[in-house]
Amino acid sequence: MALLLASTDFWEDMEVWSASLKSALPELDIRVYPDDGNVNEVEFAVVWKHPHGILKKYPNLKAILSLGAGVDHIISDPDLPEGLPIIRLVDKKLTHEMCLHSLHWVLHFHSDQYLYRVQQSNREWIQQSSVQTEDRTIGIMGLGNIGRSIGELLVTQGFNVIGWGAKNKSSLKDIKYYYGEEQFGDFLSKTDILINVLPLTSNTTNILTKNKLEFLPKGSFIINIGRGGIINEDDLLSFLDDGHITAAALDVFAEEPLPENNSLWSHPSVYITPHIAGQSNPNSASKTIAENIHRIQKGELPYPIYNKTNGY
Ligand code: GLV
């Protein structure tokens with residue numbers, strides 16, 4: 001029986017991924033698309049931005065597993081085989097990377113590093129007055145596995161952390177939680193540094209437009225490591241231009257790679273990274289994927305399965 005690995009993005013790493021999956025699942029034949037061999041033998045597809053339309057080729061496919069935390073790259077395929085479980089990747093290493101990435105930018109903004117960089121280029125020696133961590137509120141949009149871990153890390157550093165999501169959640173220790181459309185404005189108005197970790201769904205697309213961004217206090221910061229489509233980039237640019245938002249660290253964009261002519265590239269208050277905040281680690285992700293495949297083989301439920309109603 002075989003596992004198909006398909007991606008349009010990780011080509012240079014395919015040998016590494018294929019070797020890691022082989023060592024985690026020695027009983028399966030690992031095939032890299034388009035070398036899929038006998039299509040009847042393919043039972044599992046492990047994908048990251050797979051070429052749309054290909055998954056219908058495999059009549060005995062049992063599950064589609066994402067190589068990343070998000071599954072929007074799978075759901076956006078208009079030609080998916082019906083009725084198969086789609087499994088997200090919840091992986092400790094990836095979560096840890098997202099935590100470190102967030103901490104980096106929180107400190108960059110919190111400790112005025114963005115100002116000292118400019119001062120250095122002007123040979124200016126100006127000591128900014130420091131803000132205590134407890135006086136800085138970090139607002140996290142999306143308190144799933146990743147958002148919660150980021151929040152807990154920031155709490156241990158003494159920050160005031162609040163969160164927002166679509167649905168009510170049982171109380172989270174040390175993180176005040178806001179939910180639903182009604183509490184969104186209140187949440188934003190209390191946020192000094194906004195971190196977005198929401199998945200892209202029909203409910204979250206373009207959720208941060210002008211009429212929501214204006215709830216953020218003047219002088220706030222944005223860190224986007226969820227999906228680009230959640231923040232309206234034109235509105236963000238105009239809030240950066242007029243200084244309402246001081247700076248933004250963006251790892252994800254509505255269109256990726258970010259087109260060369262996009263104005264975000266050259267904005268002095270924008271920090272761009274090329275979607276690297278949480279890179280899947282072949283070793284640990286392959287082990288997580290193997291655990292899920294073994295669950296399916298034993299007739300148990302893999303975790304977590306994409307929920308169509310929630311959109312993630
Ligand atoms: C990255 O964006 C992922 O979904 O893991």
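A residue counts as buried here when its relative accessible area is under 20%. Keep that cut-off in mind as we walk through this predicted model, starting at strand S1.

Strand S1 covers residues 2–7, and six of its six residues are buried, so the strand is largely enclosed by the rest of the structure. In a regular strand, side chains alternate between the two faces of the sheet. For S1, both of these faces are covered: Ala2, Leu4 and Ala6 are buried on one side, and Leu3, Leu5 and Ser7 are buried on the other. The strand also has partners to look for. S1 runs parallel to strand S2 (residues 29–32), and four bridges join the two; within this pairing, Leu3 has Ile30 as its bridge partner. S1 pairs in the parallel sense with S3 as well, over six bridges, and there Ser7 is matched with Trp48.

From S3, follow the chain into the loop between S3 and S4, where His50 lies. Is His50 buried or exposed? Its relative accessibility is 3%, so His50 counts as buried. Its side chain makes a polar contact of 2.8 Å with the side chain of Asp77. Beyond its close sequence neighbours, His50 touches several residues, including Ala6 and Ser7 of the strand we just left, along with His73 and Leu80.

Pro59 sits in the loop between strand S3 (42–48) and strand S4 (63–66) too, but Pro59 is exposed, with a relative accessible area of 54%. Leaving aside neighbours within four places in sequence, Pro59 is in contact with Val39 and Asn40.

Trp48, the bridge partner of Ser7, also leads us to the ligand. The residues around the ligand are Trp48, Gly68, Ala69, Gly70, Leu94, Arg227 and His275. Which atoms come within polar reach of its oxygen atoms? A backbone N or O atom of Ala69 lies 2.6 Å from a ligand oxygen, and a backbone N or O atom of Gly70 lies 2.7 Å from one. With His275 the side chain takes part, placing an N or O atom 2.5 Å from an oxygen of the ligand. The protein covers 89% of the 190 Å² of accessible area that the ligand has on its own.

Next, turn to the open sheet of seven strands, which has the order S8-S7-S6-S9-S10-S11-S12 and parallel pairing. Strand S8 (175–179) and strand S12 (270–272) stand at the edges with a single partner strand each, so one side of each has no neighbour in the sheet. Neighbouring strands are turned by 15° against each other on average, direction ignored. Inside the sheet, strand S9 (residues 193–196) pairs with strand S10 (residues 220–224) over four bridges, and Ile193 stands opposite Phe221 in S10.

Two helices can be seen packing on this sheet. Helix H6 (residues 180–189) touches S6, S7, S8 and S9, and its direction makes about 155° with that of S7. Helix H8 (residues 233–241) touches S10, S11 and S12, and its direction makes about 140° with that of S11.

Our last stop is Lys212, in helix H7 (residues 210–213). Lys212 is buried, with a relative accessible area of 13%. Not counting residues up to four places away in sequence, Lys212 touches Glu181, Phe184, Leu188 and Ile207.

Key
Residues numbered from 1 in each chain as written. Predicted model: local features only at pLDDT ≥ 70, side-chain atom pairs only at ≥ 80, totals over all residues. Heavy atoms only, no water. Pairing = 2+ DSSP bridges. Axes fitted to C-alpha atoms, helices over the stretch in contact; angles between N-to-C directions. Contact = heavy atoms within 4.5 Å. Buried < 20%, exposed > 50% of the residue type's maximum accessible area, 1.4 Å probe, protein only. Near = heavy atom within 4 Å. Polar contact = N/O pair within 3.5 Å; in protein donor to acceptor, adjacent residues only side chain to side chain. Areas by Shrake-Rupley, 256 points an atom, 1.4 Å probe, with all protein chains shown as cover.
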